[in-house]
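Welcome! Please take a moment to look over the sequence and the structure before reading on.

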Amino acid sequence: MRRFTRQATAGGTGSGGGRAGSQRDSADSGYVRRVRLDISCLLAHASSGTSRPVTGVTVHPVGRATGGDVDYARLAARHSGIVHRLMPLGAEHAPYSALDVVPVTDEPAPSTIAHARFSGQLAWMRRTFDTDCHLTGDGGDSLLCSPPIILADLFAIGHSRRAVVETIRWARLRRLPVWPLLRSAHRVSRERRAAALAALATELGGGSSRSTADGDIGWCGIEPLPSWATLQARERARTVASAVAERTDDPTPGSFATVMTGEGMAEVGRSARADIQLAEAAGVALHNPFTDSRVVDTYLSVSLGDRPGPADYKPVLRAAMANLFPARLAERTTKGDFNPDHYQGMRTNLASLHALADGRLAALGLVEPGEFRQTLTMMAAGLPVPFATVEPALAAEVWLRALGDTSDVAWIPRTTESDR
């Protein structure tokens with residue numbers, strides 16, 4: 001009998017829920033706001049019948065088993081009749097812990113930073129109820145939340161009134177001034193994508209880049225260039241941007257959001273393979289239903305006129321799956337994040353993170369160790385440094401060290417009858 005589980009987390013694309021996020025639910029408080037029972041668990045339960053038991057798992061800090069998303073998870077479990085288990089998280093599960101034992105994967109795994117929790121949870125599920133299949137909701141946000149470039153889409157096909165309305169709603173949600181967003185959305189509606197990438201390459205070559213972290217609309221999601229990135233790293237980034245610009249075709253007006261979402265899902269699906277390998281090391285098969293090509297194709301077939309604006313939180317999913325969870329859960333428009341855990345984990349493991357600064361990336365001339373250590377110290381102190389630039393660098397360093405510390409695979413020639 002195959003037993004399915006679903007880890008109920010709200011953290012980004014990593015299946016361990018390990019990436020720091022930015023969306024918050026002001027009605028929740030404390031650690032427990034950052035976990036939830038996901039739709040993939042409820043769908044598996046609804047379709048599996050009694051032959052394949054499905055258990056929903058919600059993680060919570062030791063001693064804090066009520067409040068926030070834990071209560072929402074209980075509500076969803078009662079509504080669906082699913083078996084629901086709570087897993088306590090201790091200090092040993094903190095982000096950035098035990099990075100020296102992350103297994104080798106094909107590329108840096110999205111759940112590298114949260115590996116202590118990810119592997120700990122998989123081991124707990126195997127011990128507790130002998131699970132052998134783990135479902136995640138990774139990719140759900142990337143697929144079901146419209147990217148801001150949909151605002152440029154609306155301008156490009158002449159739907160200016162809706163473009164203005166949706167831009168105002170997006171600005172209010174992000175607490176940003178409206179006019180700069182309107183200007184950028186209108187500009188991008190007439191901008192060639194290849195030209196935008198070429199401009200990015202020029203900016204990188206000059207040692208700077210325009211940040212889109214403040215809600216600006218653009219073809220490229222850009223974080224400010226980190227101070228620890230060397231000239232050699234910036235030159236490599238410029239070369240990549242130039243090469244992509246040369247082979248990029250310009251999407252037709254009205255397809256901007258579809259193209260960007262499709263490319264984003266391709267990246268999520270590719271990088272998910274590394275998380276699957278992490279799970280394999282724990283003896284559990286990992287599946288990401290939202291990366292299924294049939295699911296992606298079905299959602300992207302929705303016309304632009306019926307596609308939600310960027311300020312709406314998964315309305316298509318809520319409408320399609322309304323019978324699977326209670327109305328109170330469907331009314332939620334935000335979810336929690338893991339930021340406090342990441343800050344705490346970084347403070348706890350700062351010494352070992354400092355040691356990573358003098359590693360393979362530095363030897364390759366891509367990272368300036370002193371600047372990187374200073375950035376890590378600032379992050380540990382809670383100062384506003386983008387996780388989006390630091391965590392991939394740490395994951396890449398951990399991956400390179402794991403590769404270097406692992407023995408080469410010994411290939412044995414296959415013997416056939418003709419060889420004998």
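What follows is a short tour of a few helices and some of their residues. Please keep in mind that this is a predicted model.

## Helix α3 and the residue after it

Let us begin with helix α3, which covers residues 115-129. How far apart should the ends of its 15 residues be? At 1.5 Å a residue the helix should span 21 Å, and because its end C-alpha atoms are 21 Å apart, the model agrees with that expectation.

Many names come up when we ask which residues of α3 are buried. They are His115, Ala116, Arg117, Phe118, Gly120, Gln121, Leu122, Trp124, Met125 and Phe129. Just past the helix comes Asp130, whose phi is positive, at about 55 degrees.

## Where α6 and α7 meet

Next, look at helix α6 (residues 160-174) and helix α7 (residues 178-189). Their axes come within 9 Å and cross at roughly 135 degrees. Why are the two helices called oblique to each other? Angles over 145 degrees would count as roughly antiparallel and those from 65 to 115 as roughly perpendicular, so a crossing at roughly 135 degrees falls into the oblique class. The crossing of α6 and α7 is right-handed.

On the α6 side, the contact is made by Val164, Thr167, Ile168, Trp170 and Ala171. On the α7 side, Val178, Leu181 and Leu182 take part. Sorted by class, the contact of α6 with α7 has seven nonpolar residues and one polar residue, with no charged ones.

## Two residues of helix α10

Helix α10 runs over residues 256-281, and Gly264 lies in it. Is Gly264 buried or partly exposed? Its relative accessible area is 26%, so Gly264 is partly exposed. In sequence, Gly264 and Leu143 are 121 residues apart, yet in space their C-alpha atoms are 8.0 Å apart.

Ala272 also has its place in α10. Its relative accessibility is 10%, and buried means under 20%, so Ala272 counts as buried. A partner from elsewhere in the sequence is Ser111: 161 residues separate Ala272 and Ser111 along the chain, and 9.1 Å separates them in space, C-alpha to C-alpha.

## Glu397 in helix α18

Our last stop is Glu397, found in helix α18 (residues 387-405). Glu397 counts as buried because its relative accessibility is 2%. Which residues does Glu397 touch, leaving aside its neighbours within four places in sequence? It is in contact with Leu356, Gly359, Arg360 and Leu361.

Methods:
Residues are numbered from 1 along each chain as its sequence is written. This is a predicted model: local features need pLDDT of at least 70, side-chain atom pairs count only at pLDDT 80 or more; totals for chains, interfaces and linings use all residues. Side-chain values use heavy atoms; hydrogens and water are left out. Helices (H or I, at least four residues) and strands (E, at least two) are DSSP runs, numbered from the N terminus. The expected span of a helix is 1.5 Å times one less than its number of residues. Buried means under 20% relative accessible area, exposed over 50%, partly exposed in between (1.4 Å probe, protein chains only). Axes are lines fitted to C-alpha atoms, for helices over the stretch in contact, and angles run from 0 to 180 degrees between N-to-C directions. A crossing is left-handed if the near helix is turned anticlockwise from the far one by less than a right angle, and right-handed if clockwise. Contact means heavy atoms within 4.5 Å. Ala, Val, Leu, Ile, Met, Phe, Trp, Tyr, Cys and Pro count as nonpolar, Asp, Glu, Lys and Arg as charged, and the others, Gly among them, as polar.
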